[in-house]
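Dear colleague,

I am handing over the structure we spoke about, with the sequence beside it. Please open it first and keep it in view while you read the notes below.

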Amino acid sequence: MNFSEKLIRLRKREGISQEELASYLEVSRQAVSRWESCRGYPEMEKLLYLCNRYGVTMNDLFCEEVP
């Protein structure tokens, strides 16, 4: 499972929309959509927020992204 799939799963587990997550991260809903469709990654500050919010590590999010 890649980063985008993990992000979708974490967001849905909490029962929030892309727009709600975007609001928490102070980004556009389109930014969250790009991340969830494998067309980009969040900035480091946003990644740290995601890790803290969902209780995961960077390794949990990206372990399958590295060849």
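A residue is called buried when its relative accessible area is under 20%, exposed when over 50%, and partly exposed in between. By that scale Cys 63, with a relative accessible area of 41%, is partly exposed, whereas Cys 38, at 53%, counts as exposed.

Please bear in mind that this is a predicted model. The protein chain averages a pLDDT of 94, and 97% of the residues score at least 70. Confidence is lowest in H5, where the mean is 92, and highest in H3, where it is 97.

To stay with the cysteines for a moment, how many disulfides does the model contain? The count comes to 0. Cys 38 is in no disulfide, and the nearest cysteine sulfur, which belongs to Cys 63, lies 14 Å away. For Cys 63, the closest cysteine sulfur is that of Cys 51, and because the two are 12 Å apart they are too far from each other for a bond. Cys 38 also has a backbone feature that you may wish to look at, since just after H3 this residue takes a positive phi of about 60°.

The interior comes next. The largest nonpolar core has 17 residues, and those that touch the most other members are Phe 3, Leu 21, Trp 35, Leu 50, Tyr 54 and Leu 61. Two or more residues of this core are given by each of helix H1 (3–14), helix H2 (18–25), helix H3 (29–36), helix H4 (44–54) and helix H5 (58–62), and the largest share, 4 residues, comes from H4. Setting aside residues up to four places away in sequence, Leu 61 touches Phe 3, Lys 6, Leu 10, Cys 51 and Val 56.

Helix H3 deserves a closer look. Its buried residues are Ala 31, Val 32, Trp 35 and Glu 36, and because they cover an arc of only 135° around the axis, they lie on the same side of H3. These buried residues pack against H1 and H2.

Which charged-looking name in that list should you check, and what does its side chain meet? Glu 36 is found in helix H3 and is buried, with a relative accessible area of 9%. The side chain of Glu 36 makes a polar contact, at 2.7 Å, with the side chain of Arg 11. Beyond residues up to four places away in sequence, Glu 36 touches Ser 4, Leu 7, Ile 8, Arg 11 and Gln 18.

Ser 4, one of those partners of Glu 36, has its place in helix H1 and counts as buried at 4% relative accessibility. Its side chain makes a polar contact with the side chain of Asn 2 (2.8 Å), and, again leaving out residues up to four places away in sequence, Ser 4 touches Trp 35, Glu 36, Ser 37 and Cys 38.

Finally, there is a buried residue outside the helices: Ile 16 is found in the loop between H1 and H2 and, at 9% relative accessibility, counts as buried. Leaving aside neighbours within four places in sequence, Ile 16 is in contact with Arg 11, Leu 21, Tyr 24, Arg 53 and Tyr 54. Ile 16 and Tyr 54 are 38 residues apart in sequence, and their C-alpha atoms are 12 Å apart in space.

With best regards

Technical notes:
Residues are numbered from 1 along each chain as its sequence is written. This is a predicted model: local features need pLDDT of at least 70, side-chain atom pairs count only at pLDDT 80 or more; totals for chains, interfaces and linings use all residues. Side-chain values use heavy atoms; hydrogens and water are left out. A nonpolar core is a set of buried Ala, Val, Leu, Ile, Met, Phe, Trp, Tyr and Cys residues joined through side-chain atoms within 4.5 Å. Buried means under 20% relative accessible area, exposed over 50%, partly exposed in between (1.4 Å probe, protein chains only). Contact means heavy atoms within 4.5 Å. A polar contact is a pair of N or O atoms within 3.5 Å; within protein, one must be able to donate a hydrogen and the other to accept it, and residues adjacent in sequence count only if both atoms are side-chain atoms. The arc is that of the directions from the helix axis to the C-beta atoms. pLDDT is the predictor's confidence in each residue, from 0 to 100. A disulfide is a pair of cysteine sulfur atoms within 2.5 Å.
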